[in-house]
Amino acid sequence: MDIDVVNPADGTVLATVPLTSAAQVASLTAEAERVFRSRVWSGLAPRERAAAMLRLADLMERDAEVLARLDSEDAGKPITEAREGDIPGAIESIRWFAEAADKLAGTAPATAPGVLAYTVREPFGVVAAILPWNYPLAMAAWKIGPALVAGNCLILKPADATPRSVLHVASLALEAGIPPAVLTVATGDGPTTGAALAADPRIGALSFTGSTATGRAILEASARSNLKRASLEMGGKAPHVVMPDALGLGDALIDGITEAAFLTAGQNCTAGSRILVHESIHDEVVERLAAAASALVLGDPADPATQVGPVINVAAADRILAAIDGAVSRGAVAVAGGGEVAVVEGGRYVAPTVLANVDPADPILTTEIFGPVTTVQRFSTREEAIALANAVEYGLQATVWTARLDDALALAGGIEAGTVSVGAYSEGDMTVPFGGWKASGFGGAEKSLAAFHQWTREKAVWIELPAD
Ligand code: NAD
């Protein structure tokens with residue numbers, strides 16, 4: 001069976017890729033295990049693996065424009081966003097992890113006389129990654145980098161909708177001299193290919209990025225199979241807390257919130273989907289945010305001027321529009337957007353939408369909408385802002401808008417999220433870990449040296465030889 005890769009911009013079929021069956025997953029795993037045991041990759045000095053990974057990064061740079069086009073077409077992502085954000089980020093990620101290869105070290109605990117104890121982190125062998133469609137290559141690179149640098153053989157399942165950039169990178173890996181079956185791409189869907197990977201007893205670790213519902217299924221599959229280490233990066237409902245002095249931050253405030261809410265048409269795990277504004281500046285922020293959202297250029301993702309593209313597919317558009325309509329029917333006011341826009345025939349385009357006056361009990365305030373929709377709520381005290389920020393099951397990222405250190409520290413300390421940024425919408429650079437709290441994350445983080453914990457297991461060696 002095959003899967004059609006459909007261009008969200010116009011509904012045309014871009015390519016057809018195989019749906020990898022459970023039996024095929026088993027043979028890919030067996031081949032990866034054979035290659036791991038052959039030590040053709042795992043037995044290299046870390047510096048040699050680093051050199052191959054740096055060659056891969058160079059080839060990705062050579063083909064950056066191709067990769068940007070593939071992600072833009074598959075995901076409906078504005079080409080400028082792919083060119084300036086996703087692809088350079090993916091290349092940087094491969095380089096960063098490659099450069100870390102020979103900087104990792106174990107420990108030698110101060111134990112007892114006559115004993116040498118040391119710890120090392122070793123690769124699992126065959127590992128897997130299951131990817132979302134919203135940042136196809138960027139998410140892949142966060143996993144390919146540390147998984148391969150650590151010496152594993154990785155089987156990567158891209159999202160059904162967005163396999164082509166990852167397939168291209170797998171061919172570049174061969175060109176870079178990385179042995180066959182060190183990086184394998186298994187195209188396919190969740191119920192067949194993804195589920196087979198999650199249940200495979202020979203896969204030692206699985207790193208997943210996607211929705212919380214799928215993350216739970218993967219954790220159950222791990223428990224039922226071989227208790228493979230499952231690291232899960234999942235959904236979000238990121239708050240932006242706008243403190244009374246925030247207008248003093250100038251354009252950074254509205255520009256930052258607008259970018260957070262509508263980057264990748266809001267189909268982003270850290271999308272700023274809940275804007276919590278102090279009552280003293282609520283009306284002005286709503287007005288300025290509405291103007292900024294309305295000014296965004298909605299259009300064909302292939303056009304470099306486009307800032308907001310289509311949503312991923314017909315079902316997503318229907319779901320997003322139903323969420324907007326539901327909130328409006330319960331009293332919310334769409335101060336920007338609020339509906340669908342005809343841009344290109346065959347694609348589904350939702351106007352960047354800002355909802356004010358939302359009922360505090362409205363489900364739109366707690367559900368991940370995953371579309372170009374944000375809500376504005378008001379608060380009167382810092383404590384109330386923290387309580388609102390934490391009133392969801394998610395805890396991935398939060399942004400605090402203030403120049404006051406006391407507020408920044410209190411909110412950074414009080415908000416339950418894996419990342420809190422202050423004064424800018426950010427997930428941090430490669431040097432800092434990225435991982436969710438609560439229903440947003442489980443297991444290890446991505447980025448930084450912390451990422452290697454997803455892909456290595458610790459061994460303690462205790463040597464106690466008889467004295468002469
Ligand atoms: P999804 O959960 O529908 O799919 C993610 C991947 O899981 C796909 O490759 C899919 O084929 C696979 N899958 C589906 N069912 C499976 C199963 N039963 N077993 C194994 N694999 C299965 O998510 P999506 O729609 O592709 O991505 C959107 C979600 O991803 C959002 O919730 C978003 O917040 C989240 N996300 C999180 C991060 C993060 O870093 N926390 C980053 C990007 C996206």
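Q: Which residues in H6 do Leu-56, Leu-59, Met-60 and Arg-62 in H2 meet?
A: This is a predicted model, in which local features need pLDDT of at least 70, side-chain atom pairs count only at pLDDT 80 or more, and totals for chains, interfaces and linings use all residues. Residues are numbered from 1 along each chain as its sequence is written, and side-chain values use heavy atoms, with hydrogens and water left out. Leu-56, Leu-59, Met-60 and Arg-62 are the H2 side of a contact (heavy atoms within 4.5 Å) between two helices (DSSP runs of H or I, at least four residues, numbered from the N terminus). On the H6 side they meet Val-169, Leu-172, Ala-173 and Glu-175.

Q: How many residues of the contact of H2 with H6 are charged?
A: The contact of H2 with H6 has 6 nonpolar residues (Ala, Val, Leu, Ile, Met, Phe, Trp, Tyr, Cys and Pro count as such) and no polar ones (those outside the nonpolar and charged sets, Gly among them). The charged residues (Asp, Glu, Lys and Arg) number 2.

Q: Are H2 and H6 roughly parallel or oblique to each other?
A: H2 packs against H6, residues 164-175, with the axes 9 Å apart (lines fitted to C-alpha atoms over the stretch in contact). The angle, taken between N-to-C directions on a scale from 0 to 180 degrees, is about 130°. Angles under 35 degrees count as roughly parallel, over 145 as roughly antiparallel, 65 to 115 as roughly perpendicular and the rest as oblique. H2 and H6 are therefore oblique.

Q: Are H2 and H5 roughly parallel or antiparallel to each other?
A: The axes of H2 and H5, residues 136-149, lie 10 Å apart, and the helices pack at an angle of about 160°. H2 and H5 are therefore roughly antiparallel.

Q: Which residues of H5 make the contact with H2?
A: From H2, the contact takes in Arg-49, Met-53 and Met-60. The contact of H2 with H5 counts 6 nonpolar residues, 1 polar and 1 charged. The residues that H5 brings to it are Leu-137, Ile-144, Gly-145, Leu-148 and Val-149.

Q: At what angle do H3 and H4 pack?
A: H3 covers residues 64-75 and H4 covers residues 79-100. The two helices have axes 9 Å apart, and their angle makes H3 oblique to H4. That angle is about 120°.

Q: Which residues of H4 make the contact with H3?
A: H3 contributes Ala-64, Glu-65, Leu-67, Ala-68, Arg-69, Asp-71 and Ser-72. The H4 side consists of Ile-79, Ala-82, Arg-83, Ile-87 and Ile-91.

Q: How many residues of the contact of H3 with H4 are nonpolar?
A: In the contact of H3 with H4, 4 residues are charged, and 1 is polar. The nonpolar residues number 7.
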